[in-house]
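Visitor: Please show me the model, and let me ask how its descriptions are justified.

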Amino acid sequence: MTTTAERTATSRLEAPPGGRPRQARRPTGGYGLGRVALVVGVCVLVIFIFGPILWLMLWAFAGIWHYPALLPQRWSLSWWRQVFDYPQLVRSVGLSFTFAPVVMAVSAVVCLPAAYALARFPVPGRRTMLVVLFAANAFPKIGLYITIAGLFYALHLMGTFFGVVLIQLLGTIVFMTWIPAAAFASVPRALEDAARDVGAGRVRVFLTVTLPLAAPGILVALVLSFLASLDEAQGTFLVGVPRYVTMPVQMYSLVSDYPPQAAAVFAVLLSIPSVVLMLLVRRHVLGGSLAKGFEIR
Amino acid sequence: MKAALRRGGYLLAASPPVALVALFIGVPIAVTVIYTLGHLGGPNAAVSSIALHQVSAGDRLLTFGAYREVFDEPNFRADLVATVWVTAASVGIVLLLAWTIALFARLSGRRVAGILTSLAVVPLFIPVVIGSYAILQFWSYGGFMKTIAHAVGLSGFPALGFTLGGVVLAEVWVSLPFAVLMISSGLQAVPDSVFEAARDAGASTLQAAWSILLPMNLLPTIIATCFTGISILGSFTVPYLVGPTSPNLLGPLATETFQSFNQPQQAEVMSMVIFGLAIVVALPYLWATYRSNRDTATS
């Protein structure tokens, strides 16, 4: 029983995509081979992850590009001009960058105090609250949006700015609460107590000790919420159309109605803020700020 | 009295996100449940007044008519099977890749580890609609993979755009960062000494990984599995852009049923089916959370 399980696991790990053999990291026997396998594996990973993005970027500058050429036959910037000449597209860029910071700010105001309370105080039913947030995440968005539409009609939120903010906000609550809660919880109480002992007040302790130490987790949550708003299309389409057509909503029609160049140009535009934000928080995300938030304690 | 007041204050401070979720997610779910069971009035009046082809409970307490109708449709059953299949395959591949990457990152030096995880985390920051479209272009007929395959003489290489295989690829691409982050941060927390002790006792790297790292890293693995599974089950953008129209996945199918066929009740039945599957996927997570919390509470 155990051996079968072990064998399956072994054979699985022996032949991962990219074919890194098991002796890869063993100092004795085939260290060089392991090196080679590692390099091959990394190359496969690079192609799998970056290939599609780079390919799309090439399309953004392609005038004529027919299969099976590896590069466009003729380069061109004409699609960039067309996209910028199309007022509807420019407007959607503006809208997206209006909604994203607003949603991020509202989400922070709603969730961050709660995150602090959940991390630091004996809130009754604390774990239930965290799990309820999770359960809400498990319901498929489209099902939610259909009934929310009824609710929004009743509350006169359909087609309004606030309605769009609200629908985008719903997708940010879970990580805006969980990740900062874990960040606050990981600040050692002893440090806060020490600051209190030397005479700092509650507010001062929070601002000079707790907040700076929890900042990476909060920053990660803020960036993720900004990106979630920038990425949300389904709910925005349902609530915001025709007045609030954001970039991702526009992207759907571009994909189906225009040649790949137009969508590619738009995709590159839409990715720029993401890349900038990624560089900003990469270190913290890799450092475990995100992962910590998902282990409810 | 004072203690009760304080507890109330804590509860109040912690409640805004939960209140928001209760009002705009909890209530809609409850409304959805009664709608699918045939109650068309009350909160459902606005939606049902313009909907086509509804099943009403009439004077009865409830009816499963809408569910029966949806399940009687052979296309729906095929789509359900496809959804489960794609989810299972994607989750399996994501876990395998994430463990491989995390394990290499753990066993290599700091620099290699940084490069590996940095790479794997990139899709987290790319909007899903763009990632999906990019993957579609990359793997389709006329895309990079076909071009390369053609150049080396593999003209039989499949074009994966608009196939379920393509959906699996795209779902893996989208889900990989979260799984890698969860599993690698769990692995980094395992001290070197534990690993070296196992190696000293004669275990190979893989034996050590299987018998020590996996049990120690079970919770992050379960979290990665559940969240990946749930997000794939309900996903819309990836299968809508990359997938075939038949079989469709349940996310786009429910959207289409609502937006194109104007049958919100049937769309909600499909949403309930997705929700049911998501709960099944979430059970190990809830169990593990409960267990780990109980363990920390008693120790």
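The questions below take up confidence, the chain contact, the domains and a helix pair.

Guide: This is a predicted model, in which local features need pLDDT of at least 70, side-chain atom pairs count only at pLDDT 80 or more, and totals for chains, interfaces and linings use all residues. Residues are numbered from 1 along each chain as its sequence is written, while chains are lettered from A and ligands numbered from 1 in the order in which they are written.

Visitor: What pLDDT does chain B average?
Guide: Chain B averages 88, on a scale of the predictor's confidence in each residue from 0 to 100. At least 70 is reached by 97% of its residues. For the model, ipTM is 0.89 and pTM is 0.89.

Visitor: What makes residues of chain A and chain B count as in contact?
Guide: Their C-beta atoms, placed from the backbone, must lie within 7 Å. The contact takes 86 residues from chain A and 84 from chain B. Helix α1 (residues 2–36) of chain B supplies the largest share of chain B's side, 19 residues. Helices here are DSSP runs (H or I, at least four residues), numbered from the N terminus.

Visitor: How do the residues on chain B's side of that contact divide by class?
Guide: They are 60 nonpolar, 22 polar and 2 charged. Nonpolar covers Ala, Val, Leu, Ile, Met, Phe, Trp, Tyr, Cys and Pro; charged covers Asp, Glu, Lys and Arg; the others, Gly among them, are polar.

Visitor: Which domains is chain B divided into?
Guide: Domain 1 (1–70) and domain 2 (73–298), with bounds from an automatic or database domain assignment. Their C-alpha centres lie 30 Å apart. Each domain gives 12 residues to the contact between them. On the domain 1 side, α1 and α3 (65–72) of chain B each give two or more residues. That side has 8 nonpolar, 4 polar and no charged residues.

Visitor: Why are α8(B) and α11(B) called roughly antiparallel?
Guide: The axes of α8 (residues 164–188) and α11 (residues 218–233) of chain B cross at roughly 160° and come within 9 Å. Axes are lines fitted to C-alpha atoms over the stretch in contact, and angles run from 0 to 180 degrees between N-to-C directions. Angles over 145 degrees count as roughly antiparallel. The pair is therefore roughly antiparallel.

Visitor: Which residues meet between α8(B) and α11(B)?
Guide: Among them are B:Phe178 and B:Met182 in α8(B), and B:Ile223 and B:Phe227 in α11(B). The contact has 9 nonpolar, 6 polar and 1 charged residues.

Methods
Contact = placed C-beta atoms within 7 Å. Parallel < 35°, antiparallel > 145°, perpendicular 65-115°, else oblique.
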